[in-house]
Amino acid sequence: MINIHVTEAQGQWDQAAQNLAARLYDHLVREGENQKIWVQAKPLPVHCRPAPRTLAHGHDDVLFGPRDAGGGSALPDLDEWARRMVDFYQRAERGKLMVLGRAGSGKSILIQHFARTLLAPENRSATARIPVIFSLGSWNPLEGSLRHWLIDRLDRDHPSLAGPASDGPAWAERLLGDNRLLVILDGFDEIADGLRDRALEGLRGSDLSLLVTSRRAELEAAVADPGPVHFVGLELDDLTLDDSITYLLRPAGASLTDESVSTPPSKWAHVFGEMNEDPGNPRCRDLTAVLTTPLMVTLARTVYATGRDPVDLLRKFDSRQAIEDHLLDAFIPSAYERPLSSPSSAKGGKGNLERPSRWDPDRARDWLGYLATHLRELTTHDIEWWRLGTSMSLTSRALVTGAMTGLLTGIMLGVVTGALFGLGLGGDPGPAAVAVVLNALGVGPAFALMHVITSKLQVGGAFTPSRMRLRLRGGTRKVRDSFLPRLQAGIIGGLIFGAVLGVGAAVYFAILGATPTLIVFTFGNSLTIGLGEGLAGGIIVALLAGLEDPIPPEETVSWSVLLDRNRTTVLTEMFALAMVVGLGYGALNGLFNGPRAALEGITVGLAIGGGLCTLTAWGRWVVLVRVWLPLTGRLPWRVRAFLDDAYARGVLRQAGAVHQFRHARLRDRLAETYPQPGPSMAGEHS
């Protein structure tokens with residue numbers, strides 16, 4: 001029996017690893033297609049040389065042969081460098097490799113192609129390490145170790161790995177512990193200033209298989225002692241101008257030296273002709289420096305593929321920085337001017353139909369600028385849907401949440417009260433109207449305050465998206481494990497809710513000149529009602545834990561799927577809670593005050609359920625991202641469609657459950673040119 005159990009557990013373990021590898025490979029294939037880097041039969045060449053010995057621990061003969069180890073490569077292409085890197089990690093049990101290069105040199109493209117090559121079916125095996133790419137700029141070494149941060153990222157981007165394996169710890173923890181992952185850390189230079197030296201210590205001390213990318217200057221500044229980083233290192237060189245000429249002229253079918261071409265020279269050929277005739281001209285030197293950076297060459301190709309005249313690069317700009325800023329600025333309009341190849345391409349589908357952009361390029365730039373500024377405010381590189389809008393101050397978020405919750409409560413009570421009057425059950429309209437206003441004014445501040453408290457304390461994991469799905473199956477252990485925490489959260493929330501309502505009612509009766517006894521009784525009554533509702537709500541939410549089931553390892557979860565799953569979970573649980581609380585409160589209220597009060601009680605229960613939704617990740621998405629940010633012009637009304645479209649146009653990329661800008665230079669430029677946020681956009685974050 002023990003052997004059978006071990007065999008089954010090992011089979012599940014191997015299957016989980018294979019499912020992860022297959023998902024990662026499919027994702028990288030889509031990313032490659034979306035980046036348009038496989039369109040040409042021969043992409044930009046890759047020039048590499050060994051990293052300086054002051055930074056890296058020598059070179060490796062697998063990466064650099066005898067002829068190119070001293071000064072550079074003999075121009076192997078992207079596929080060849082990927083194969084060399086695959087060979088390096090297949091030989092080294094716990095290999096560590098560092099890829100250096102300046103901004104835009106192609107580091108990210110190289111590691112993506114390497115990971116794609118290693119994950120290809122012909123290279124995949126049951127025991128092979130699985131390459132997973134992480135954006136290292138999000139790691140704060142002062143808040144946790146590299147291993148703990150990696151587990152958190154795996155749980156976020158691959159929710160199925162968060163669940164426990166049948167024979168031990170969670171899948172993510174076991175993958176790292178058994179050295180089944182090849183951890184690719186992209187962007188050491190993106191780590192915040194002042195943290196890189198601590199981060200470097202963590203990388204040096206790690207026993208994981210690692211591949212790290214960085215700009216050279218930031219790594220040199222982080223090396224406190226003269227010794228190397230104990231990584232094998234390679235450094236990406238710039239392109240040659242001939243590389244860029246070949247790349248930019250090939251689509252036009254023109255050549256500077258081919259006299260058999262009968263068509264007139266292309267616009268690019270004219271530009272390169274001037275550069276060859278007067279290479280000492282400062283503007284020609286600046287443009288040469290720009291067009292020897294892979295990022296800028298690909299941007300130039302995109303920008304001037306839409307009919308613009310590249311001769312402007314020699315005429316209108318007087319510095320290298322000005323040319324690069326121009327290409328970054330012109331990329332967004334160019335991306336939104338061209339039609340997409342398929343109506344389904346925004347979601348990874350394929351097709352031959354073309355459709356124009358639904359987004360105005362200027363508005364799209366503004367919205368992308370807000371997203372870039374949001375990332376800068378939160379010091380992150382990940383566009384996490386559950387944190388959009390949180391660059392606003394906590395006070396502003398609470399006010400928006402309270403106002404919308406109060407408005408929803410007022411509308412619901414107003415509709416019910418109006419219907420009761422139509423049925424002849426309304427009684428005196430004056431007190432009824434006052435009751436509607438008082439409830440709306442009480443519920444709004446109550447949930448505004450609860451938003452602040454849950455944000456500060458993260459009660460019950462507030463605002464973190466659930467990695468669970470709801471299924472009709474037994475889960476007594478989950479109910480037992482979550483009962484006390486959820487009950488505690490419900491009681492605290494009920495007391496806050498009752499206290500705010502009680503204070504509001506007490507102030508109202510004090511203004512009317514009521515006796516102190518009545519004022520105290522009113523406050524105590526509201527507090528008791530809030531406590532009862534919180535107690536009932538905590539019990540209901542705890543019992544609903546029995547329906548929560550971990551995402552299976554074979555299921556792919558994108559950011560959109562995670563959002564939809566959270567919506568289903570939140571609406572199901574909050575509707576159940578609202579109905580139980582509302583029916584209970586309505587029954588008691590109706591027993592003493594008649595059927596009218598019973599219906600109003602049920603409505604209040606639904607309003608409370610709606611308010612509790614705002615204390616979840618999906619609820620905050622609705623309040624801030626689907627309503628407030630579009631209302632204030634910071635984002636479009638159809639945010640999901642806009643993000644998917646930006647991904648299809650190559651502006652954004654997807655990394656598990658989040659989006660990222662295609663390149664840090666583009667993100668930083670958008671943030672620089674976006675109008676500075678007002679007072680409501682700065683403050684506390686959570």
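**View 1. Cysteines without a disulfide.** The count of disulfides, a disulfide being a pair of cysteine sulfur atoms within 2.5 Å, comes to 0 in this predicted model. Cys48 has 1% relative accessibility and therefore counts as buried, the term for under 20% relative accessible area with a 1.4 Å probe and protein chains only. Cys613, at 10% relative accessibility, counts as buried too.

This is a predicted model, in which local features need pLDDT of at least 70 and side-chain atom pairs count only at pLDDT 80 or more, while totals for chains, interfaces and linings use all residues. Residues are numbered from 1 along each chain as its sequence is written, and side-chain values use heavy atoms, with hydrogens and water left out.

**View 2. Helix α14 and helix α23.** The axes (lines fitted to C-alpha atoms over the stretch in contact, with angles from 0 to 180 degrees between N-to-C directions) of α14, residues 361-378, and α23, residues 664-673, come within 8 Å and cross at roughly 100°. That makes α14 roughly perpendicular to α23, a label for angles of 65 to 115 degrees. Helices here are DSSP runs of H or I with at least four residues, numbered from the N terminus. Among the residues in contact, meaning heavy atoms within 4.5 Å, are Leu368 and Ala372 in α14 and Leu670 and Ala671 in α23.

**View 3. The largest nonpolar core.** A nonpolar core is a set of buried Ala, Val, Leu, Ile, Met, Phe, Trp, Tyr and Cys residues joined through side-chain atoms within 4.5 Å. The largest one has 89 residues, and Trp268, Tyr336, Leu371 and Phe661 have the most contacts inside it. Helix α13, residues 320-337, gives the largest share of this core, 8 residues.

Key
Helix = DSSP H or I, 4+ residues; strand = E, 2+ residues; numbered from the N terminus. Parallel < 35°, antiparallel > 145°, perpendicular 65-115°, else oblique. Buried < 20%, exposed > 50% of the residue type's maximum accessible area, 1.4 Å probe, protein only.
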